[in-house]
Amino acid sequence: RAKGYRGPLAVIPQFGVDPALFAPPPAREDAPLHIVYAGRLVPEKGVDLLLRALDGLAGEWRATILGSGPEEAALRAQAARLSCAARIRFAPPIPSVEMPGFYQRADVLVLPSRARPNWMEQFGRTLIEAMACGAVVVGAESGEIPHVIGEAGLTFPEDDVAALRAALAALSADPARRCELAERGRARVLTHFTQEHIARQTLAVYREVLA
């Protein structure tokens with residue numbers, strides 16, 4: 001629109017999930033809160049921000065950073081300097097067919113992305129995959145992240161370490177709230193982000209064009 005286009009348009013999510021594959025586990029482990037990140041280890045993804053937020057986070061928790069990238073060595077070094085280093089584990093990427101199992105073992109997924117002059121989070125596929133599997137999502141108010149999450153998770157101002165730590169602390173202290181948000185997340189995926197729903201939206205656009 002900013003460039004002058006006045007014709008019809010439709011905004012459709014780029015990705016969808018199969019809710020039969022990405023589904024909550026029968027029961028979650030009775031263990032410390034499991035906080036995860038999954039994705040590239042690059043500055044714009046804000047993993048350094050997550051590590052800073054974990055430092056000083058009260059309660060019983062553990063964290064897994066799943067991924068690889070040019071920032072891996074720096075992030076590992078940053079984590080090693082923290083008093084909570086023993087609770088943080090780095091893991092290499094896994095095949096996509098194994099991702100449902102990864103999310104099913106997570107309680108909270110964090111996507112702390114930050115915008116750059118030449119980049120902004122366009123969707124955040126890990127958000128819908130985690131929500132489909134019953135994990136609570138926490139994301140930065142950056143790019144499309146808050147629009148994908150809606151009312152089904154928590155958001156925090158971009159690059160705000162204290163706000164992210166507060167969100168994680170609130171979830172850690174309130175299992176009932178986690179359960180509520182997990183149910184909201186699964187319901188939001190079923191309503192907006194399944195492959196079938198996105199296929200139907202795409203088909204409707206093509207039919208409109210052909211007409």
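## His34 in strand S1

His34 is buried, because its relative accessibility is 5% and the cut-off for buried is under 20%. This is a predicted model. His34 sits in strand S1. Strand S1 covers residues 33-38.

Which residues does His34 touch, leaving out those up to four places away in sequence? One run of partners is Arg62, Ala63 and Thr64. The other partners are Arg105, Ala106, Asp107 and Val108. Val108 belongs to strand S4, which spans 108-111.

## Overall fold

The chain comes to 8 helices and 6 strands. Along the sequence they follow the pattern β-α-β-α-β-α-β-α-β-α-β-α-α-α. The radius of gyration is 18 Å, and the globule rule gives 17 Å for 211 residues. The two values are close, so the chain is as compact as a globular protein of that length. Along the principal axes, the C-alpha atoms fill a box of roughly 65 × 40 × 30 Å.

Of the 211 residues, 43% are buried. Take the contacts between residues at least 6 apart in sequence: 76% of them join residues at least 24 apart. The chain exposes about 11,000 Å². Carbon and sulfur atoms supply 54% of that area. The chain carries 24 positive and 24 negative charges, and their mean positions are 3 Å apart.

## The phenylalanine cluster

The structure holds 4 aromatic pairs. One of them joins Phe15 and Phe123, with ring centres 6.2 Å apart. Their planes stand at 50°, so this pair is tilted. Phe15 lies in the segment before S1, and Phe123 lies in the loop between S4 and helix H4 (125-132). The two residues are 108 apart in sequence, so the pair ties together distant positions in the chain.

Phe123 also pairs with Phe193: the ring centres are 5.8 Å apart and the planes are at 70°, so this pair is edge-to-face. Phe193 is in the loop between helix H7 (175-192) and helix H8 (195-210). Here the partners are 70 residues apart, and the pair again links distant parts of the chain. Together, these ring pairs link Phe15, Phe123 and Phe193 into a cluster.

Which members of the cluster are buried, and which are partly exposed? Phe123 is buried, at 8% relative accessible area. Phe193 is buried too, at 6%. Phe15 is partly exposed, with 28% relative accessibility.

## Helix H4

Is helix H4 enclosed or open? In H4, 7 of the 8 residues are buried, so the helix is largely enclosed by the rest of the structure. The buried residues are Thr126, Leu127, Ile128, Glu129, Ala130, Met131 and Ala132.

These buried residues pack against several elements. The strands among them are S1, S4 and S5 (136-140). The helices are H3 (99-104), H5 (145-149) and H7. S1 is also the strand that holds His34. Just after H4, Gly134 takes a positive phi of about 85°.

## Asp48 in helix H1

Asp48 is found in helix H1, residues 47-54. Its relative accessibility is 22%, so Asp48 counts as partly exposed. That value falls outside the buried class because buried means under 20%.

What does Asp48 touch, not counting residues up to four places away in sequence? The contacts are Pro43, Leu75, Gln78 and Arg114. Leu75 and Gln78 fall in helix H2, which covers 72-80. Asp48 and Gln78 are 30 residues apart in sequence, and their C-alpha atoms are 7.7 Å apart in space.

## Ala86 in a loop

Ala86 lies in the loop between helix H2 and strand S3 (88-91). Is Ala86 buried or exposed? At 84% relative accessibility, Ala86 counts as exposed.

Ala86 and Ala115 are 29 residues apart in sequence. Their C-alpha atoms are 30 Å apart in space. Set this beside the Asp48 pair: Asp48 and Gln78 are 30 residues apart in sequence, with 7.7 Å from C-alpha to C-alpha.

Key: Residues numbered from 1 in each chain as written. Predicted model: local features only at pLDDT ≥ 70, side-chain atom pairs only at ≥ 80, totals over all residues. Heavy atoms only, no water. Phe/Tyr/Trp six-rings, centres within 6.5 Å; stacked < 30°, edge-to-face > 60°. Helix = DSSP H or I, 4+ residues; strand = E, 2+ residues; numbered from the N terminus. Buried < 20%, exposed > 50% of the residue type's maximum accessible area, 1.4 Å probe, protein only. Rg over C-alpha atoms; globule rule 2.2 N^0.38 Å. Contact = heavy atoms within 4.5 Å. Areas by Shrake-Rupley, 256 points an atom, 1.4 Å probe, with all protein chains shown as cover. Lys, Arg positive; Asp, Glu negative; His and termini not counted. Charge placed at Lys NZ, Arg CZ, Asp CG, Glu CD.
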